Amino acid sequence: MPNSSPFLGKRVVLGVGGGIAAYKSVELMRRLVDAGAFVSPVLTAASLKFVGATTFSALGSERARISLFDDDDPIPHTSLGKQADAIIVAPATADLIARYAAGLADDLLTTTLIATRAPVVIVAAMHTEMWQHPSVVDNIATLRRRGVVVIEPEVGRLAGGDTGVGRLASTERVLAAVEGLFLEGRGLLLGKKVLVTAGGTRESIDPVRYIGNRSSGKQGIAFATAAARFGADVTLVCTIAPPDEPGIDVVEVESAQQMFDAVSTRVADGFDLVVMAAAVADFRCKDVSPIKIKKSQGAPQVVLEPTPDILAYLGSVKPKNQILIGFAAETGELESEARRKLKEKKADFVVANNVLEHDAGFAVDTNRVTLVYDDSVLAFELDDKRHIAIKVLSFVAEWARINGVWPK
Ligand code: PMT
């Protein structure tokens, strides 16, 4: 378990509703415990028709509770809710959602939900017809209005052989949402507008082939997600599938020119922070063939021309109160190349990574970055790309406030 796990030492109440997806919350509980959380399982009477309390007692941090009237603890509904850092309800059935929205408190889980001040995450799962019923739609809207985080069901196979929207969201999605709640510095970018680019551009040779690079978009998406969870209003210009994250407005592009167009038409939107994590092609084909080049014609002579440099453009039009972060993907001298790019492209920070390392740079989940700015250098240890994004954004936001770029 990494020391930097945001779940470390957090007290989580895992409420389990009476739906077939209840068996999946066993895995959710195990993952939360593995990540360092102290998990108290609370099962509804209906959930016991699908799963056993013994399983949750064995895998949770303490025994599963099913009753309001507990022998050891005379008031479990308030003690559980008071101590919790978060409450997750998975699966949340139509009935449970209705009772929570109506403020009913007739069992341990609903009573705990009403008694707590901790953030609540509802992971809905039910049949499509139920999920789309106006009463459920209204109840979900009510809970959202009260600040409850609702994780909507996914499309897939449902009980009884049906297919449609209704499946419990993946454990990864739930963990990501809860992680967002535990993020230190929530609100760090509240009210800020952030533009992030992510992924590698593709430059067409013909309708079939392109020149590309190895960027998966993971590092850029990590920045967009972290910024959104820090409270920013995020625009993500990307060449890859966007994240399923609230607060991110996605613009999908393919080539360097399209990325330039998407960014340059939005520069007037008043971004407080721009993060150029995309791997933008430096060159594109001068003449793109409108039809597939035939192999029988022999190897084609591809003539290249430079693409617009988006970061340099952003540096040339940068307003006073904007922070511009560029990246440097290097295979040799890291710091001096990053510093050259910092100066030439008029960025405030350059995040440099050595893309030859097996655990850093392109496509892997981890990165080892060096932040180059002013006359200073700050090296971050190897970490998950999501944590790298959190650390860099925290540092940059602090720097922007101390240096008066952003008001304190
Ligand atoms: O996407 P992942 O698989 O997670 O990998 C992450 C990453 C390695 C792609 C990322 O960490 C990274 O280094 N991104 C920048 C890649 C790159 O294009 O580096 P560069 O040194 O070639 O470019 C320097 C800077 O200029 C970059 O901010 C780049 O976005 C920008 N640039 C480059 C060319 C161009 N025509 N326009 C630009 O804006």
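This dialogue goes through the pockets, the ligand site, the cavity and two backbone details of a predicted model.

Q: How is empty space in a model found, and what volume does the largest pocket have?

A: Rolling a probe the size of a water molecule over the atoms shows where empty space is left. In this model, the largest pocket holds about 1200 Å³ of space. Its lining is made up of 37 residues, and A176, A177, T225, R229 and E245 are the closest to the pocket centre.

Q: Which helices and strands each supply at least two residues of the lining of the largest pocket?

A: Four elements do so: strand β5 (149-151) and the helices α8 (171-182), α9 (218-229) and α13 (385-402).

Q: Where does the largest pocket lie with respect to the domains, and why?

A: The largest pocket lies between domain 1 (11-183) and domain 2 (188-402), because both of them give residues to its lining.

Q: How do the lining residues of the largest pocket divide by class?

A: There are 16 nonpolar, seven polar and 14 charged residues in the lining of the largest pocket.

Q: What is the volume of the second largest pocket, and which residues are closest to its centre?

A: The second largest pocket has a volume of about 910 Å³. It is lined by 39 residues, with A278, A279, V280, A329 and F362 the closest to its centre.

Q: Which element gives the largest share of the lining of the second largest pocket?

A: Strand β16 does, with four residues. At least two residues each come from α9, α11 (310-316) and β16 (323-330). By class, the lining of the second largest pocket has 19 nonpolar, 14 polar and six charged residues.

Q: Which residues around the ligand come nearest, and how many residues are around it?

A: There are 30 residues around the ligand, and S215, S216, K341, N353 and A363 come nearest.

Q: Which backbone atoms lie a short listed distance from polar atoms of the ligand?

A: For P308, a polar backbone atom is 3.0 Å from a nitrogen atom of the ligand. For F327, a backbone N or O atom lies 2.9 Å from a ligand oxygen atom. A polar backbone atom of A329 is 3.1 Å from an oxygen atom of the ligand. As for cover, the ligand on its own has 770 Å² of accessible area, of which the protein covers 96%.

Q: How many cavities of 30 Å³ or more does the structure hold, and which residues line the largest cavity?

A: The structure holds one cavity of 30 Å³ or more. The space in the largest cavity is about 30 Å³, and its lining consists of R11, V12, V13, S40, L80, Q83 and A84.

Q: Which element gives the most to the lining of the largest cavity?

A: Strand β1 gives the most, with three residues. Both β1 (11-16) and α3 (76-83) supply at least two residues of this lining. By class, the lining has four nonpolar, two polar and one charged residues.

Q: What is the general rule for phi and for peptide bonds?

A: Most residues other than glycine have a negative phi, and most peptide bonds are trans.

Q: Where is there a cis peptide bond in this model?

A: The bond from A90 to P91 is cis, with omega near 0 degrees. P91 belongs to strand β3 (residues 86-92).

Q: What is the phi of K346, and where is this residue placed?

A: K346 is a residue other than glycine with a positive phi, near 55 degrees. K346 is in the loop between α12 (335-344) and β17 (349-354).

Definitions and conventions. Residues numbered from 1 in each chain as written. Predicted model: local features only at pLDDT ≥ 70, side-chain atom pairs only at ≥ 80, totals over all residues. Heavy atoms only, no water. 1 Å grid on protein atoms, 1.4 Å probe; cavity = no way out; pocket = protein on both sides within 12 Å on 5 of 7 lines; lining within 4 Å. Points joined across faces, edges and corners; volume = space filled by probe spheres on them. Nonpolar A, V, L, I, M, F, W, Y, C, P; charged D, E, K, R; others polar. Domains from an automatic or database assignment. Near = heavy atom within 4 Å. Polar contact = N/O pair within 3.5 Å; in protein donor to acceptor, adjacent residues only side chain to side chain. Areas by Shrake-Rupley, 256 points an atom, 1.4 Å probe, with all protein chains shown as cover.
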